[in-house]
Amino acid sequence: MRTDMPEDSTMSLAEIADRMNEALADRPLDNSIKFDCGEDGAITISGTEARLADEPADCTIRISEKNLVKLLTGKLNPMAAFAMGKIKVSGDMSVAMKLSQL
């Protein structure tokens, strides 16, 4: 998922959700995915909507807000991040793989 964010982005979760909404408008998801950023909050995406919400989802990705920005800007390889423990995935792993379509 690449959302054309500035390189040195220190975006809020609300700004990240807005960027995700732009990407989802053209490529909706059939499943739901939650990005759980701990105390910083959560973004749940499904269909054509990304919202600031900690809702049940088919797949939950636990990641820091800082690493989420890096992931979305292409500065963090998802497989390497998973291997290094920067990303933890629970639920349906195949749903997480669908993120690349965005």
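Ser32 has Ser46 of β2 standing opposite, and that pair is a handy place to enter this predicted model. Strands here are DSSP runs of E with at least two residues, helices are runs of H or I with at least four residues, and both are numbered from the N terminus. Two strands count as paired if DSSP finds at least two bridges between them. By that rule β1 (residues 29–36) and β2 (residues 42–47) run antiparallel to each other, joined over six bridges. Further along, Phe35 stands opposite Ile43 in β2. The hairpin of β1 and β2 has five residues between the strands, and Gly38 there takes a positive phi near 65°.

A word on conventions before going on. Residue numbers start from 1 along each chain as its sequence is written, and side-chain values use heavy atoms, with hydrogens and water left out. Since the model is predicted, local features need pLDDT of at least 70 and side-chain atom pairs count only at pLDDT 80 or more, while totals for chains, interfaces and linings use all residues.

Back to Ser46, which also has a partner in the next strand: its bridge partner in β3 is Glu49. β2 and β3 pair in the antiparallel sense over four bridges, and the hairpin that joins β2 to β3 does so through one residue. As general background, strands of a sheet pair through backbone hydrogen bonds, either parallel or antiparallel. Here the whole sheet is open, with five strands in the order β3-β2-β1-β4-β5 and mixed pairing. Its edges are β3 (49–52) and β5 (88–91), each of which pairs on one side only. Neighbouring strands of the sheet are turned by 20° against each other on average, direction ignored; such angles run from 0 to 180 degrees between N-to-C directions, with axes fitted as lines to C-alpha atoms and, for helices, over the stretch in contact.

Now add the helices. The chain has four helices and five strands, and reading along the sequence gives the pattern α-β-β-β-β-α-α-β-α. Helix α1 (residues 13–26) lies across β1, β2 and β3, and runs at about 170° to β3.

Is Ile43, the residue opposite Phe35, buried or exposed? Ile43 counts as buried because its relative accessible area is 0%, where buried means under 20%, exposed over 50%, and partly exposed in between, with a 1.4 Å probe and protein chains only. Contact means heavy atoms within 4.5 Å, and, leaving aside residues up to four places away in sequence, Ile43 touches a list of residues including Leu13, Ile16, Ala17, Met20, Phe35, Leu52 and Leu68. The C-alpha atoms of Ile43 and Ile61 are separated by 9.9 Å, with their positions 18 residues apart along the chain.

Phe35 leads on to the core. A nonpolar core is a set of buried Ala, Val, Leu, Ile, Met, Phe, Trp, Tyr and Cys residues joined through side-chain atoms within 4.5 Å. The largest one here has 26 residues, and those with the most contacts inside it are Phe35, Ile45 and Leu68. Two or more residues come from each of α1, β1, β2, β4 (59–62), α2 (65–72) and α4 (93–97), and α1 gives the most, with five residues. In soluble globular proteins, nonpolar side chains tend to be buried together. Among the residues that Phe35 touches, not counting those up to four places away in sequence, are Met20, Ile45, Ile61, Leu68, Leu71 and Leu99.

Leu68 takes us into α2, where six of eight residues are buried, so this helix is mostly covered. The buried ones are Glu65, Asn67, Leu68, Val69, Leu71 and Leu72, and their cover includes α1, β1, β2 and α3 (78–83). Just after α2, Gly74 takes a positive phi of about 80°.

What about the cysteines? Cys37 counts as buried at 6% relative accessibility, and Cys59 counts as buried at 0%. A search of the whole structure finds zero disulfides, a disulfide being a pair of cysteine sulfur atoms within 2.5 Å.

Finally, the chain as a whole. Of its 102 residues, 42% count as buried. Among contacts between residues at least 6 apart in sequence, 63% join residues at least 24 apart. The accessible surface comes to about 5600 Å², of which 47% belongs to carbon and sulfur atoms, with areas from the Shrake-Rupley method using a 1.4 Å probe and, for residues, only the protein chains shown counted as cover.
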